[in-house]
Each structure stands twice: as structure tokens, then as C-alpha cells.
Number of protein chains: 2
Amino acid sequence: MLPQFFFMLTAAYILLCLYLYLYPTAIAKAISISTKANISSYVWPYPTSIKCSDRAFLIANKEMHFALMEPGLFPNAHPILFQAFDEYHHIILNLTKQIPDSFTQISNSHFKLEFIQLNVTLKNDDVTLTYETKEDYVLSVDYPASTLTATTVYGALRGLETFSQLILEYNDSQLYLHQCVITDAPYFKHRGILYDTSRHYLPVSLLKKHLDVMAWNKFNVFHWHIVDIQSFPYTSTMFPDLSDKGAYSPRHVYSKSDIHDVITYANMHGIRVMVEFDTPGHTASWGKGQPDLLTTCYQDDKPDGTYGPINAISDTTWPFLTALFKEIVTDFKYQYIHLGGDEVRFDCWKSNPSIQKWMKDMNYTDYAMFEQYYMSKLIELIEQLDKSYIVWQEVFDNGNKLKEDTIIHVWKGGALWTIEMRKITAAGYHTLLSSCWYLDLISIKPDYYRYFRCNPLDFGGTTAQQSLVMGGEAAIWSELVDGTNSLSRTWPRAGPTAERLWTGSSTIGISDDEIYDRLKKHRCRLLNRGIPAEPLGPGYCTYPWVSTE
Amino acid sequence: MLPQFFFMLTAAYILLCLYLYLYPTAIAKAISISTKANISSYVWPYPTSIKCSDRAFLIANKEMHFALMEPGLFPNAHPILFQAFDEYHHIILNLTKQIPDSFTQISNSHFKLEFIQLNVTLKNDDVTLTYETKEDYVLSVDYPASTLTATTVYGALRGLETFSQLILEYNDSQLYLHQCVITDAPYFKHRGILYDTSRHYLPVSLLKKHLDVMAWNKFNVFHWHIVDIQSFPYTSTMFPDLSDKGAYSPRHVYSKSDIHDVITYANMHGIRVMVEFDTPGHTASWGKGQPDLLTTCYQDDKPDGTYGPINAISDTTWPFLTALFKEIVTDFKYQYIHLGGDEVRFDCWKSNPSIQKWMKDMNYTDYAMFEQYYMSKLIELIEQLDKSYIVWQEVFDNGNKLKEDTIIHVWKGGALWTIEMRKITAAGYHTLLSSCWYLDLISIKPDYYRYFRCNPLDFGGTTAQQSLVMGGEAAIWSELVDGTNSLSRTWPRAGPTAERLWTGSSTIGISDDEIYDRLKKHRCRLLNRGIPAEPLGPGYCTYPWVSTE
């Protein structure tokens with residue numbers, strides 16, 4: 001009986017191989033119209049390598065099977081990956097909502113069709129999100145099953161996104177996939193967007209929507225500029241007055257559970273949350289709940305009723321900051337914290353008699369030295385909390401002594417960023433670029449070409465210097481942005497930043513037409529996924545964005 | 001028995017008067033906090049005259065009674081007014097959604113409170129919407145009932161809007177009204193917004209939302225720039241190919257029923273729909289469904305495959321235009337039609353041998369004369385259809401002979417509009433201004449101050465010349481605007497235009513701070529009514545705009 005069994009098995013195997021070989025060919029013939037499409041133009045950001053053939057597979061049944069190979073080996077990755085399976089299941093099957101009832105009938109009479117099958121293989125089960133987390137993957141789209149191999153679960157998430165972008169429509173109603181092989185990994189390790197929740201409060205539900213779209217663009221850092229001059233929505237257990245008095249209202253705060261919720265949601269999508277507590281300037285809202293913190297400004301030898309930056313020599317300042325940052329690092333686990341340090345104005349410090357006296361005693365003449373004194377003590381405090389830090393470029397410019405792994409964040413505009421990055425990297429520090437990607441600076445001129453062509457490596461440094469560029473961030477400062485326009489103003493305009501940071505300079509040379517065509521496809525995909533991404537120019541998408549109201 | 005009855009009646013009357021006299025005073029005392037508020041700052045656009053006292057009436061019950069006095073006399077106005085009653089009922093009672101359950105209890109223990117009662121008196125039953133339609137009203141907010149008197153039902157709609165804006169919140173949960181008398185009427189008769197449905201298709205549901213907000217801002221003209229170069233969404237029964245081939249897709253069209261729906265909706269809100277069919281330029285989309293209409297452009301004595309403006313001398317042009325405009329005026333009943341006439345480029349006409357020959361035969365040398373020939377014939381056609389018309393400024397600049405009641409629409413930017421309006425009014429024509437209110441020209445600089453201070457009368461003409469200014473229009477051209485951002489980009493930025501056109505120059509001198517404060521309140525009201533009106537600067541509204549998604 002055994003030989004007979006083997007014979008049957010071998011025969012079955014040959015038939016299967018033959019079937020697998022012949023089947024896609026038949027399909028490819030049947031939908032020859034679509035095979036001329038440039039499939040890779042649908043993927044945003046562009047992968048390191050993508051090769052697609054003319055073979056296309058029509059998908060008949062509204063079924064999709066994602067499987068993790070050897071799941072027992074990946075207890076940590078499992079929940080993250082399976083949530084992603086659910087989400088992409090939903091995203092991809094939503095594409096089929098316009099399939100007419102008669103579809104199965106039509107298709108059955110022409111082709112033999114199958115469901116989607118994707119088998120995922122991971123190499124390790126490490127789910128800690130650090131600056132070094134690997135996001136590489138290899139995706140093979142094929143019949144009868146596609147495969148995705150990634151070092152970490154986060155690479156698998158990136159691959160799933162690419163996979164979902166390769167599922168296209170045929171004749172406005174049917175879905176199809178092309179046979180493709182994609183090898184992909186990010187160029188930069190830090191690819192972020194800065195969201196400002198102080199000028200306007202952004203509800204948690206909105207932040208989560210942004211996190212969704214960030215993941216679809218393969219961003220991996222949510223830079224949470226949580227407090228600033230206008231309001232203090234962070235709720236501190238140690239210092240409840242900070243938000244009680246500094247937030248716009250009791251409704252405009254992030255509770256501990258909100259913060260936990262945002263971080264968990266971000267992490268589940270492979271996104272790190274880097275919080276910023278910007279000091280010593282930009283702190284007016286802090287002063288409402290912590291009265292002795294800010295510098296009293298003087299005019300004509302009398303307090304003039306206004307307050308300046310944090311008073312670095314007040315008795316209460318350092319115990320307060322120590323306790324507050326201890327609490328902050330408990331809430332925000334990511335290894336980096338952003339300490340701000342931008343735009344500190346000296347006039348109030350200069351007017352204050354106690355600070356004048358202290359400066360004299362210390363033999364300091366330049367108030368940049370007073371700022372340096374503040375930043376040095378703050379950095380010392382953060383180092384004791386075992387955290388790494390990012391600071392705005394002024395902290396470097398003012399000559400502060402910084403830890404070796406400090407990242408200097410370049411934000412000042414115009415062509416000056418190249419000079420700044422040359423200086424920073426020459427001094428051996430890591431750096432991040434935001435100067436070219438201030439999405440809040442709107443104009444009627446199309447800005448996406450400019451965003452697309454801004455290359456963080458293009459500052460003329462040596463290869464060693466360039467290797468210190470850790471990535472960059474788009475910034476959507478919220479003076480004029482809140483829940484009414486945050487999504488439409490950020491998307492798809494943050495898309496070019498995403499591609500530049502993912503690909504390095506590999507796609508930088510493509511034409512305006514190609515940028516427009518690809519970004520328009522990407523924008524239409526965002527609409528299809530329910531995001532009110534604004535248009536790039538006249539035209540329309542197959543799927544309109546219709547408000548659910 | 002009779003004398004006793006009269007005694008009782010008299011006693012009851014005295015008691016009632018005493019009650020009415022004493023009651024508001026008691027209330028006013030009780031909510032003295034709110035009486036310091038500048039109630040008139042909540043009304044946008046600002047009324048001709050508003051006088052409010054410190055007397056305030058708290059509203060206890062979620063009941064509102066609107067009544068039309070002598071309803072039998074107003075069979076035409078009745079449905080319009082009663083729909084408005086329903087709408088404002090909804091708008092005002094939505095304000096109370098945050099009233100805590102314990103409210104009745106609290107209030108009952110302190111004050112005796114009532115529901116809202118408004119009695120409306122009309123002077124006539126004419127509901128035809130023309131350029132001359134009266135919109136004046138007098139509103140008296142008082143206890144126990146408020147009264148609203150208006151010449152027409154449309155004036156009553158404007159008064160209802162003002163009434164709704166005077167209902168404020170007290171302690172975030174209770175509603176109150178101040179005793180006020182408002183006498184109000186618009187300065188300009190034509191107060192519009194131009195919407196462009198060609199660069200992007202705007203769904204009917206979105207247009208209706210805009211019509212709502214227009215009515216809340218007391219705008220009265222929906223300028224429907226329905227077709228243009230990019231697409232032709234107007235469906236013609238006579239020439240179905242125009243939209244079949246010229247629209248973006250079969251989904252991106254306005255059916256006859258859509259058009260009827262939009263017009264009815266607009267009219268019910270006191271808004272006229274003025275359609276624009278812009279010719280002879282801006283017509284690329286027309287050519288797709290009407291092949292002989294556009295001029296064939298030539299290069300090196302051969303057709304180069306491109307097309308220019310409408311060919312004024314083609315055999316088929318005039319029968320086509322005559323039939324099409326006959327159909328258009330059947331769909332759009334408003335007495336004015338906008339005929340466009342802007343930005344006609346002559347190069348294609350110049351290149352065409354038949355036109356060259358015709359020009360030679362006619363002894364014409366300047367191609368502006370060819371354009372003039374086209375416009376003259378078009379105007380003749382429209383006059384035969386018994387319509388009045390509006391044209392863009394170029395038609396006047398090119399010296400066309402125009403009907404006396406023609407309105408010249410000034411759109412070119414910069415300070416040149418004042419020169420243009422001087423010329424137009426010196427020639428005795430009516431004019432409309434749009435130059436300062438191109439809402440699509442976004443920048444990061446706050447533009448609402450500039451919009452607010454643009455005065456259509458400020459061109460230095462005589463009083464007689466100024467009397468020819470019929471009003472103006474904000475314009476939201478839609479190259480970069482569609483369903484994703486149309487509401488947030490238009491509102492509240494069209495608000496300043498609304499106020500300028502409603503008040504003439506009466507509020508033009510108020511400070512930046514006052515503009516900001518009032519417009520911010522107006523914007524928060526729009527949020528509260530469910531419109532994602534974008535922010536003017538950092539801050540928050542009591543009611544956030546939360547997407548329903």
C-alpha cells in the first residue's frame with residue numbers, strides 16, 4: 001500500500017505544480033488591459049526594490065487569509081501582527097464594497113478564481129521599539145499564496161502595508177494583484193511627524209486617525225509637542241494644577257489613560273511616541289499652575305505683571321522639574337525625550353534683579369550663558385533618569401555640553417539648514433531635519449514637489465557626517481490647525497516627507513509629473529480609506545470622500 | 001354677574017402686568033454675571049442698529065414656540081417660514097444638549113422660568129426672489145414674547161437667524177436671552193459666494209451644507225460656476241454628450257433633479273442661484289461632447305491637435321448655443337445669468353485660417369474685436385431669452401455693447417479694482433466686486449482682517465457712481481478644494497465678506513481685536529452647528545467640532 005500512496009502523492013504534486021504554473025498564465029491573458037499599468041507607481045513610499053511581472057491574479061471571493069508561520073515562536077509579535085491582519089483585512093475588503101452582485105457569476109463563467117492568501121515569516125520576536133528597530137521585509141506576491149518575510153513584526157507591518165497597496169481594482173469593481181517581488185527597508189531610522197497639541201487641543205480619536213495614516217506612510221515617530229505657551233493639556237499626578245490651571249478647559253486635557261491609549265495605539269502600529277516638553281521658553285501655560293516657575297519680568301525696577309522663561313535660579317525650579325520629569329518618563333517609555341530649547345528670549349531674564357545679580361556673581365555677561373546653565377542642569381537631570389534626548393538647534397548653537405547620542409533637531413528655514421547640519425555633524429552629533437517640512441506654512445503654490453526633493457543628506461558633508469543624519473520630521477504646528485482641518489491639511493502633504501525619509505535619495509530624481517501621478521494615487525487611496533486628504537490639483541478619485549454627516 | 005366678571009378680568013390684568021414688569025427684573029438680578037457681556041458682539045453680520053439692555057431672561061424648558069401672526073394672509077410665505085421655524089428650533093435646542101439633568105431642579109428653586117416665544121409678522125406674501133427682494137426686519141427680544149416684523153418672508157429668515165444668535169449660554173449649561181431691539185436691513189442687494197464645481201465636483205449634500213452656512217451669514221446669492229475647462233457636470237437633455245463626455249465620470253454630474261433640488265433648497269433659505277456658463281474661453285470640457293464647437297488651433301498651417309475658445313463663426317456654434325441656453329434658462333429661473341467672458345486667449349483664434357479669412361473679410365485687425373463679435377451675439381441671444389446678465393470685467397474692458405441693467409463683475413486683483421470700478425460706474429454700469437475675496441488664495445497670514453476691511457464703495461467715485469455698486473461675492477475656486485476641505489476653507493473666512501456686504505461700511509472701522517473676537521465667536525457658533533469651520537488662531541471653542549466618524 002505504501003508505494004501506491006507515494007505514487008498518488010507524486011501524481012498530486014505534479015498536477016499541483018502544473019496547475020500552479022498554468023493558472024496565472026490564463027488569468028494574465030484574461031485581464032491583459034491592466035497588465036500595462038505601472039504597478040509600482042501605486043506604492044508609497046517607494047520600496048528599495050520592486051519587480052513586477054505581467055502576471056495578474058483576479059480575486060473572486062471576499063476572503064482573505066493571513067497566516068503567521070510557526071506562530072508558537074512569536075508570543076510577543078502575535079498580538080501586534082494579528083491586529084494588523086484584522087486592520088488590513090478590513091482595509092482591503094472595503095475596496096470590494098462596489099463589487100456588483102453579479103460579479104461571482106460573471107467571473108465564474110470566465111476564470112477560476114481564488115481568495116487572497118499571505119503567509120508571514122518572522123525572524124525574531126523582539127517587539128521593543130527602539131531607535132534601532134529593524135523594519136526590513138521581503139514580500140513576494142504570487143499564486144496561490146503570497147509570502148512576507150521580515151526581521152521583526154514591525155517590518156511585517158510595513159510589508160502588509162505594501163501588500164495592501166498592491167491590491168488594485170479592475171474595471172471599478174474587481175480586485176487584482178500582480179506577481180511582484182519587493183525587497184524593502186527604510187533608509188532613515190527616525191521618520192516622524194510633529195503634532196502640536198497646545199495651540200489647539202487634538203482629541204485622542206483624531207491622534208489615532210493620524211497614527212493610522214502615519215503607519216500607511218511608514219512613518220515611525222509620533223513627535224508629541226504636548227505643551228507650549230497656549231495650553232498645558234498634560235495631566236500630572238504630582239502637579240495637578242499644571243493642567244487644572246494651564247489647560248484650555250477641563251475637557252482639553254490628556255488623562256493618564258489617554259496618554260497610555262495613544263502610546264499603545266502608536267506602538268501597535270510600529271510607531272514610537274517621542275514626547276516634547278519644551279523649556280525654558282514656550283512655557284507661559286506652565287506658570288499658571290506653578291507660580292514660582294517663570295521669571296518675573298521687570299520694567300522700571302518693578303514687576304510689570306508679565307512672565308518670561310523658566311527661572312533657572314529660583315529655589316523651587318529644580319525640585320519641581322526633577323519630580324515632573326520623573327513622572328513624564330514613567331508615562332513615556334521611549335528612550336528619547338525632546339527637551340525643546342528653541343526661541344528663548346533674553347529680555348525678561350535681563351530685566352530681573354535677582355538674575356542680574358546672579359549673572360554678576362558668576363561673572364557671566366552673555367545671557368546665552370544663562371540659558372546654557374539652565375540646559376546643562378536639565379540635561380544632567382534627564383541623564384540621571386537614564387534617558388536620551390533631542391533638542392532644537394539653538395541648544396547646540398549656544399554651545400551646550402551634550403551627551404554623545406544627543407540628536408540636534410534642525411528647524412530653522414531657508415537654505416541655512418545645510419550650514420547648520422554641516423556644523424552639527426562636524427561636531428560629531430546626530431541630527432534630524434524638519435526645516436523643509438513645515439506643513440503649517442500653507443500657500444497656493446504646490447509644495448509637495450519641494451517637500452519631495454528636500455534631501456536631508458544634501459548638505460555637503462563627508463560620508464561620515466552624512467551617517468550622523470538620523471532622519472527627519474514633518475511638522476504641523478497647530479496655530480491654525482485643529483480637528484476641523486488637521487487631517488486634510490496634513491495629508492497627503494506629509495507623504496513626500498515619508499518617501500524621502502524611507503528611501504533616502506533613491507527616488508529624488510523623478511519628474512514632477514511622476515511625483516504628481518504617484519502622490520495623486522496615494523491621496524486617492526487615503527480617501528478610499530476614509531481620510532479627508534486634500535486634493536493636489538483639479539480632478540477626481542474613483543472613490544470620493546463623502547463625509548458621513 | 002357681569003360687573004363681577006369685569007372686576008376679575010381687570011384684577012387679572014393688573015396682576016399680569018405686575019408680573020410681567022417684575023419678572024424680568026428678578027431674572028436680571030439673578031444672572032448679573034452675564035449682563036456685562038457685550039451681547040451685540042455675538043451677531044454676525046452686525047445689524048444696522050442693535051440696542052440691548054441688562055435685562056436677561058433665563059430659559060428653563062426645552063420648548064420653543066414660533067408663531068406667524070395672521071397666517072391665513074400668507075399662503076406663499078407659510079411653507080418657507082415654517083421650514084425655517086423647524087430649522088431654528090433644531091439649531092437652538094441643540095444648544096441645550098449639555099443641560100444637566102438637575103437643571104430644572106436648580107432653576108426652579110431660584111427663578112420662575114419660561115420657554116421661548118417668538119411672534120412673526122409679515123407685511124407681504126411675495127416670495128419671488130429677485131435682485132430687489134426686501135430683507136429688512138425689526139426684532140424685539142422681550143419677555144414674555146419676542147416679536148419679529150419683516151416686509152417679506154426672507155427678511156423674517158434673516159431676523160430668525162439674528163434671534164438664534166442672541167440666544168447664549170450661561171454657565172455652560174443654561175440658555176438665556178437679553179432684552180434687545182434690532183432694526184436691520186442689508187446695505188448691498190447682491191451678497192454672494194462663487195462655488196466652482198468644475199475643477200472639483202462638489203456633491204449636492206455639500207452644496208446644501210454651504211447654503212445653510214450662507215444663510216447663517218445672510219448671504220443671498222449662490223453663484224454656481226458650474227462648468228469650466230476641467231469638467232462639464234451640467235446635464236443637458238438637448239445635448240447629453242456634454243456631460244456624458246465632458247464630466248469627470250457618470251457619477252460627477254448634476255442631474256436635472258439635483259439642480260432643481262439645489263435651487264429649491266437655496267430659495268427656501270432666501271438665496272438666489274445665479275448660474276455661470278463661462279464662454280468663449282474656459283470651455284475645453286465643452287468640446288468633448290460638442291466636437292465642432294471649439295476653435296481648431298493650427299501650427300505650421302496644420303491643425304496641432306489642440307483646441308481654443310469657442311469658434312464664433314462655425315456653422316454649428318449658434319444653433320447649439322441658442323438651444324443650450326434655452327434649456328439653461330428653463331433650469332435656472334433667476335433673472336440673472338452669468339456669461340463669463342474672462343481670460344480669453346487669442347493665439348488659437350489667430351492661428352486658425354478660417355478665422356483669419358473672416359477677420360480679413362470683416363476688416364478686423366484686433367482679435368478683441370472677434371471676442372466682441374462673439375459676446376455681442378451671445379448677449380443678443382440671452383436678451384431674446386429675456387434674461388439679464390452678469391459678465392466678468394474683460395467684457396466691459398473690450399468695449400462690448402451691453403444692456404443697461406448688466407452687471408460687470410470685477411475680479412482682477414490688487415489695487416487695480418478701484419480703477420476698474422471707477423471706469424465701470426462712470427460708464428453707468430452696475431458692478432459687483434470679488435477682487436479682495438478670493439478665498440482659495442490661502443496663505444499663513446491672517447486674511448480675515450483684509451477681507452473685513454475691503455470696502456466695495458472705496459473707489460473714489462461720486463455718490464451716483466457708488467449707487468451702482470450692487471454688492472460682491474467671495475470666490476472659492478476649487479483647483480485645490482473639494483469635499484475634503486471645502487467647508488473648513490470657506491468658513492469662517494467668508495464671514496468678513498458677509499458682514500461687509502450686509503453692513504456697507506458701517507463696521508469697517510472696528511479694531512483688529514474686535515474683528516478677531518467677533519469672528520471667533522461666529523466661528524465657534526458654526527462649529528456648534530456642525531460645520532468644520534477652521535480656526536483663526538490658537539484657542540478653543542466651548543463646543544468642539546468632533547467628526548462623527
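**Packing, strand pairing and annotated sites in a predicted two-chain model**

L81(B) touches L68(B), V120(B), V153(B), A156(B) and L160(B), with residues up to four places away in sequence not counted. In this predicted model, L81(B) belongs to helix 3 of chain B, which covers residues 77-94. The relative accessibility of L81(B) is 0%, and L81(B) is therefore classed as buried, the limit being under 20%. Between the C-alpha atoms of L81(B) and I424(B) the separation is 39 Å, and the two residues are 343 positions apart along the chain.

Chain A was examined in further detail. Its secondary structure consists of 20 helices and 16 strands. Chain A has 549 residues, of which 58% count as buried. The exposed area of chain A is about 22200 Å², and 56% of this area is supplied by carbon and sulfur atoms. When contacts in chain A between residues at least 6 apart in sequence are considered, 75% join residues at least 24 apart.

The largest nonpolar core contains 141 residues, and the members that touch the most other members are W224(A), F325(A) and W491(A). Another core lies apart from it and has 139 residues, including I39(B), F74(B), I271(B) and F325(B). For W224(A), with residues up to four places away in sequence left out, the contacts include Y195(A), T197(A), L207(A), Y254(A), I259(A) and V262(A). The residues V273(A), M274(A), V275(A), E276(A) and F332(A) are also touched by W224(A).

An unreviewed UniProt entry lists residues 188-504 of chain A as "domain: Glycoside hydrolase family 20 catalytic". This span is 40% helix and 19% strand, and the C-alpha atoms at its ends lie 7 Å apart.

Strand 12 of chain A, residues 336-340, is mostly covered, with 5 of its 5 residues buried. In a regular strand, side chains alternate between the two faces of the sheet. In strand 12 of chain A, Y336(A), H338(A) and G340(A) point one way, while I337(A) and L339(A) point the other way; all are buried. Strand 12 of chain A runs parallel to strand 9 of chain A (residues 272-279), and 2 bridges join them. In this pairing, G340(A) of strand 12 is the bridge partner of T279(A). Strand 12 of chain A also pairs with strand 13 of chain A (residues 388-392), in the parallel sense and over 3 bridges. Here H338(A) stands opposite I390(A) of strand 13.

The loop between strand 12 and helix 11 (347-351) of chain A holds E343(A). E343(A) is listed by UniProt, in an unreviewed entry, under "active site". The relative accessibility of E343(A) is 44%, so E343(A) counts as partly exposed, a class lying between the 20% and 50% limits. Apart from residues up to four places away in sequence, E343(A) touches H282(A), E394(A) and W411(A).

A474(A) is located in strand 16 of chain A, which spans residues 469-476. With a relative accessibility of 0%, A474(A) counts as buried. Its contacts, neighbours within four places in sequence being set aside, are with G192(A), I193(A), L194(A), W437(A), L439(A) and T497(A). The C-alpha atoms of A474(A) and R450(A) are separated by 13 Å, the two residues being 24 apart along the chain.

T497(A), one of the contacts of A474(A), is a buried residue of helix 19 of chain A. Helix 19 covers residues 495-503 of chain A and is mostly covered, as 9 of its 9 residues are buried. The buried residues of this helix include the charged-type positions E499(A) and R500(A) as well as L501(A) and W502(A). Just after helix 19 of chain A, G504(A) has a positive phi of about 70 degrees.Outside the annotated span, Q117(A) was examined in strand 2 of chain A, residues 114-122. The side chains of Q117(A) and N119(A) are joined by a polar contact of 2.8 Å. Leaving aside neighbours within four places in sequence, Q117(A) is in contact with H65(A), A67(A), P144(A), A145(A) and S146(A).

Key:
Residues numbered from 1 in each chain as written. Chains lettered and ligands numbered in written order. Predicted model: local features only at pLDDT ≥ 70, side-chain atom pairs only at ≥ 80, totals over all residues. Heavy atoms only, no water. UniProt positions renumbered as here; feature names shortened; annotations may be inferred. Helix = DSSP H or I, 4+ residues; strand = E, 2+ residues; numbered from the N terminus. Buried < 20%, exposed > 50% of the residue type's maximum accessible area, 1.4 Å probe, protein only. Pairing = 2+ DSSP bridges. Polar contact = N/O pair within 3.5 Å; in protein donor to acceptor, adjacent residues only side chain to side chain. Contact = heavy atoms within 4.5 Å. Core = buried A, V, L, I, M, F, W, Y, C linked by side-chain atoms within 4.5 Å. Areas by Shrake-Rupley, 256 points an atom, 1.4 Å probe, with all protein chains shown as cover.
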